[in-house]
Amino acid sequence: MNPNNLGLVETQYFTFAEAPNELTLESGVKLGPITLAYETYGTLNKDKSNAIMIFHTLTSDAHAAGFQKDDPNPGWWDGMIGPDKAFDTNKYFVISSNVIGSCKGSTGPASINPKTGKPFGLSFPVVTIADMVLTQKKFLEHLGISKLFCAAGGSMGGLQALKWAVLYPECVGSVISIAANHRHTALQIALHEVGRQAIMSDPDWQNGDYYGKSIPARGLALSRMIGHITYMSDKSMDEKFGRKLIGKERVGFDFSHDFEVENYLKYRSDSFVKRFDANSYLYLTKSLDYFDLAEDSDLTATFKGVKASFLVISFSSDWLYPSYQSKEMIRALKANDLDVSDCEINCSYGHDAFLIEIEGQSRLISHFLNRLSKEKIYGK
Amino acid sequence: MENNQTSLVRFDHQIILDMVGRNSKVLDLGCAKGDLLSLLIRNKAVKGTGIEIDEQAIYKCIEKGLTVSHGDIDSGLMDYSSKRFDYVILNESLQEVLNPEKVILEALRVGKKVIVGIPNFCHINARFQIFFRGQVPVTHELPYQWYNTPNLRFLSLKDFKNFCRLKDITINRTRAISAQKEVKFLPNLFAHIGLFLLHKD
């Protein structure tokens, strides 16, 4: 085994909020019991001060690093988490938590409603980023950890990390926000709405009541195609596919696939349909669209009382969460006299860069965390 | 604890170290790889932040354990409220900014004091090259040709003093240096670098 790998890991589950202690969600609806899927890597130290919580993207899961039994592929951020990696498991106790509303082992619309014995479907309450954070907080309390050394994530994971710092300022020592923003913009909402409409206009969707029957595969595949395009950049797509044709000398003059990029989107969306639930896609995109850290008030005032140190990373080719938007957030953080470092990494991968561009991110993250560990020991 | 490596430290950095008060808050505009900021943190226990445009330099700063922001000086200052810093440093970066007047006045807004370091474009070597060779000067301190220089502004120590007078900026201290020594005699002719400690009421 490569010494830099974590080896075999296993997803675990934490269930709480059982009746009559159901959790009240941001919408006011009560929900319980709630299960969260999670994985941990590394060892929690004696004073429980080395915990880092990692948050995942829209369609990802708790399996962030290492290998699961019978799966040749490692977790989604394996390049970043492990011994001597950016999130060094020799030093830190890394917790990766799945989100409420997901279909990856946590309670979501595909889960069985204990009151009816049937899947929730659309009777599942709409959840928000704040609800994700609230459930993760309960989980952290269960682990007996009162403060995170760091909250870190990319894309939707970045939004969770930011929300953690605002909701629980005493519990977050630092935040690493990658390819994220303080609020969802009209463009992002619009793109999600197209994806949701694709699912909901599939006749198999049946108002979300399709479990045990034919799933809305075409709608979900279409929404994934749209999503996937937004995660790349014009440059990365052109470099990867250009105008290359698939197994033919010239275009077919019909509506079968001609170009490699068409095949790629079909392949990616077909594999997505096998691993993700259409209703979860609806719920989680909604939770993102509702996200506005300032909640229509002043962003600078929102960060008042926040104590964390920040590392904000963006990517030059990310047009879904563009750098200039994170600059807006950085300004509000600085206005609160907070310790903020930021870097716009120049690369062509688009929004997906945070999963692909390991080198630059690793340099920034490992040294940022290093400084904070020293400050913790020796004082600022 | 004074650092025993001071002899290896750049002379202009030593002068700035001398100007900055202990435990103060410092913003270094155009902090490059963070050498000056690290020096100030080590020797004067300052709380320091940098702004730098070059991505590779940002990595170096973070590796040194510094707090640094990726961006240009021209727009980076508006992030800060008035008198947030004890010192704002513009060392060897002013000649590269698009709007130096605005940057200096903004620096004086966010900083109680401002330290400016500029290369002297009217050093005697430069004057000789213009006068006798009829060429725009290329010197050890200003090694660029007209077609590849990052410098947008060409000024002398005298030009800078005139500017301060015009804008009601008080110069608290002036240090003129050349290589490893101070220049007291005709600094506008013999100094390569001028360092000024400024404030504005």
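## Exercises on helices, sheets and contacts

Helices α4(A) and α6(A) are oblique to each other, because their crossing angle of roughly 125° is neither under 35 nor over 145 degrees, and lies outside 65 to 115. Keep in mind that the model is predicted. Let us work through it together.

### Exercise 1: the pair α4(A) and α6(A)

Describe how α4(A) and α6(A) pass each other, and find which residues make the contact.

Solution.
- Step 1: Begin with the axes. Helix α4 (residues 217-231) and helix α6 (residues 260-275), both of chain A, have axes that come within 8 Å.
- Step 2: Add the hand. The crossing of α4(A) past α6(A) is right-handed.
- Step 3: Look up the residues. From α4(A) come A:A217, A:L220, A:A221, A:R224, A:M225 and A:H228, and from α6(A) come A:L265, A:R268, A:S269, A:D270, A:F272 and A:V273.
- Step 4: Sort them by class. This contact of α4(A) with α6(A) has seven nonpolar, two polar and three charged residues.

### Exercise 2: two neighbours of α3(A)

Work out the direction and the hand of α3(A) against α4(A), then do likewise for α3(A) against α7(A).

Solution.
- Step 1: Take α4(A). The axes of α3(A) and α4(A) come within 7 Å and cross at roughly 160°. An angle over 145 degrees counts as roughly antiparallel, so that is how α3(A) and α4(A) run.
- Step 2: The crossing of α3(A) and α4(A) is right-handed. On the α3(A) side the contact uses A:L191, A:V194, A:G195, A:R196, A:A198 and A:I199, and α4(A) brings A:G219, A:L220, A:L222, A:S223, A:I226, A:G227 and A:T230. These divide into seven nonpolar, five polar and one charged.
- Step 3: Turn to α7(A). Helix α3 (residues 186-200) and helix α7 (residues 278-289) of chain A have axes that come within 10 Å, crossing at roughly 160°. Here too the cut-off applies, so α3(A) and α7(A) are roughly antiparallel.
- Step 4: α3(A) passes α7(A) in a left-handed crossing. Contact residues include A:I189 and A:H192 of α3(A), with A:Y281 and A:L282 among those of α7(A). By class, this contact holds six nonpolar, three polar and two charged residues.

### Exercise 3: the sheet of chain A

Trace the open sheet of eight strands in chain A and say which strands stand at its edges.

Solution.
- Step 1: Read the order, which is β1-β4-β8-β5-β11-β12-β13-β14 (chain A), with mixed pairing.
- Step 2: Go to the ends. β1 (12-16) and β14 (340-345) of chain A each have a single partner strand, so one side of each is left without a neighbour in the sheet.
- Step 3: Follow the twist, which averages 20° from one strand to the next.
- Step 4: Zoom in on one pair. β1(A) and strand β4 (residues 34-41) of chain A pair in the antiparallel sense over five bridges. A:Q12 has A:Y38 in β4(A) as its bridge partner.
- Step 5: Add a helix. Helix α2 (residues 156-167) of chain A packs on this sheet and touches β5 (51-55), β11 (150-154) and β12 (174-178) of chain A. The direction of α2(A) makes about 150° with that of β11(A).

### Exercise 4: the sheet of chain B and the chain contact

Find the strand order in the sheet of chain B, then see which element of chain B gives the most to the side that touches chain A.

Solution.
- Step 1: The open sheet of eight strands runs β3-β2-β1-β4-β5-β8-β6-β7 (chain B), with mixed pairing. Its edge strands are β3 and β7 (181-182) of chain B.
- Step 2: Within it, strand β5 (residues 111-119) and strand β8 (residues 193-199) of chain B pair in the antiparallel sense over six bridges. B:I193 in β8(B) is the bridge partner of B:P119.
- Step 3: Place the helix. α3(B) lies across β2 (47-52) and β3 of chain B, at about 165° to β3(B).
- Step 4: Now the contact between chains, which takes 13 residues from chain B and 18 residues from chain A. α3 (55-63) and β3 (67-70) of chain B each supply at least two residues of chain B's side, and α3(B) gives the most, with five residues.

Methods:
Residues numbered from 1 in each chain as written. Chains lettered and ligands numbered in written order. Predicted model: local features only at pLDDT ≥ 70, side-chain atom pairs only at ≥ 80, totals over all residues. Axes fitted to C-alpha atoms, helices over the stretch in contact; angles between N-to-C directions. Helix = DSSP H or I, 4+ residues; strand = E, 2+ residues; numbered from the N terminus. Left-handed = near helix turned anticlockwise from the far one by under 90°. Contact = placed C-beta atoms within 7 Å. Nonpolar A, V, L, I, M, F, W, Y, C, P; charged D, E, K, R; others polar. Pairing = 2+ DSSP bridges.
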